[in-house]
Amino acid sequence: MTTLRRFWIEFDTQERFDGLLQEGVGVSGFDVRDCLSMVTDLVRDRPLPPVSRITADISLAEPLPVSRRYLGVSVWRGVWYPPLNLETGPTRNIDRRGAPRDYPTPVPQSHPRRASETLGAKATWWDEIPHIGSLLWPLVTMHSAEYGRGMRSSATALREACARDSTYGMLVREALDFMIAWRPTPDEWFDPTKTSFADQHALDKYLRAFRDYLFETRPEPIYPPDSEPLSPEDAVLDALSRLVITRPVPVNAPGSERLSSDTEPRLPENE
């Protein structure tokens, strides 16, 4: 399967484009010409303005000239800034007509940020996982010790998302299959997630169960250690341990003054 690549394309724009291409275009495709053919759909029957710069394999972990709030899905083939593919889904047809041939040579990103750097991980095997840069949530964050019992609700939402969007599901499954085949050690898994497994067998079983829950007929995944719901008895003990008990403050009699510990009692002047 041909790998999609992310490109950031900048144009020498003119006023007639009404700011549409002023900031640049983010697009994922098989190569530059494939991406430019999809950008032509943005301007309809007008020719594309001259291309001034193309950045290949741009990392979304690095600062972009636009806000991340307005990005589409960069792992789909299509235009993700402006976020057009949020409405259309991934582009499937390939039509390279209309793409200019005199585009500049793409330049690689100067310092692409790797997944292991984003995660603060010592082991670099995370960089080899397919699509890891766009799937940190389902592949890492959801399984972290910091997230705790939140995975119980997120796993259901992820399963529904994979069923609803077959393209997204395919990417998640490909990444999980790679992780299962790689067989990360408990130490490698603990590196960014801070979730401990007793041995290799337990971690292998956990990853296979998670994949089978998302894409097969398994009714429940195996949840990470310390993420299982508490028993009723343990829940009561946990709640009691969180209580903050304070000593009640004496209430002075009506009309009396609140005295500090170093204040001498004072009698009325007529006594």
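# A walk through the predicted model

Being 4 residues apart in helix α6 (residues 166-182), R173 and D177 are separated by about one helical turn. Their side chains meet in a salt bridge, with an N to O distance of 4.0 Å. R173 is partly exposed at 28% relative accessible area, and D177 is likewise classed as partly exposed, at 30%. The model described here is a predicted one, and this pair in α6 serves as the point of entry into it.

The pair does not stand alone. Through salt bridges with shared partners, R173 and D177 are joined with R211, D212 and E216 into one network. Over the whole structure, the search finds 7 salt bridges.

Another of these contacts brings together the side chains of D204 and R183, at 2.5 Å from N to O. D204 belongs to helix α8 (residues 200-215), whereas R183 sits in the loop between α6 and α7 (186-193), so this salt bridge ties together parts that are 21 residues apart in sequence. The two partners differ in their surroundings: D204 is buried, with 8% relative accessibility, while R183 is partly exposed at 45%.

A further salt bridge lies elsewhere in the chain, where the side chains of D57 and R5 meet at 2.8 Å, N to O. Here the link spans distant parts of the chain, since D57 is found in the loop between β3 (51-56) and β4 (78-81) and R5 in strand β1 (residues 5-11), 52 residues apart. Both ends of this bridge are partly exposed: D57 has a relative accessible area of 37%, and R5 has one of 33%.

These elements can now be placed in the overall fold. The protein contains 9 helices and 5 strands. Followed along the sequence, their order is β-β-α-β-β-α-β-α-α-α-α-α-α-α. Of the 271 residues, 38% count as buried. When contacts between residues at least 6 apart in sequence are considered, 63% of them join residues at least 24 apart. The exposed surface amounts to about 16,900 Å², and carbon and sulfur atoms supply 51% of it.

The interior includes a largest nonpolar core of 32 residues, in which W126, I129, L139, M179 and W189 touch the most other members. Helices α5 (151-164), α6 and α8 each supply at least two residues of this core. M179 shows how such a residue is surrounded: leaving out residues up to four places away in sequence, M179 touches W125, W126, I129, L139, P184, W189 and L207. A second core, separate from the first, has 18 residues, among them L21, V25, V51 and V79.

W189, which is in contact with M179, leads to helix α7. The buried residues of α7 are P186, W189, D191, P192 and T193. Their cover includes α3 (115-119), α4 (136-139), α6 and α8. Just after α7, K194 adopts a positive phi of about 60°.

The next residue to consider is T195, in the loop between α7 and α8. How is the side chain of T195 placed with respect to the backbone oxygen of H143? A polar atom of that side chain lies 2.8 Å from the H143 oxygen. A polar atom of the T195 side chain also lies 3.0 Å from the backbone nitrogen of A145. T195 is buried, with a relative accessible area of 4%. Apart from its neighbours within four places in sequence, T195 is in contact with H143, S144, A145, W189, F190, P224 and P225. W189 is thus on the contact lists of both T195 and M179.

Cysteines complete the survey. A disulfide is a covalent bond between the sulfur atoms of two cysteines. The count of disulfides in this model comes to 0. Among the cysteines, C35 is buried, with a relative accessible area of 0%, and C162 is also classed as buried, at 7%.

Terms used: Residues numbered from 1 in each chain as written. Predicted model: local features only at pLDDT ≥ 70, side-chain atom pairs only at ≥ 80, totals over all residues. Heavy atoms only, no water. Buried < 20%, exposed > 50% of the residue type's maximum accessible area, 1.4 Å probe, protein only. Polar contact = N/O pair within 3.5 Å; in protein donor to acceptor, adjacent residues only side chain to side chain. Contact = heavy atoms within 4.5 Å. Core = buried A, V, L, I, M, F, W, Y, C linked by side-chain atoms within 4.5 Å. Areas by Shrake-Rupley, 256 points an atom, 1.4 Å probe, with all protein chains shown as cover. Disulfide = S-S within 2.5 Å.
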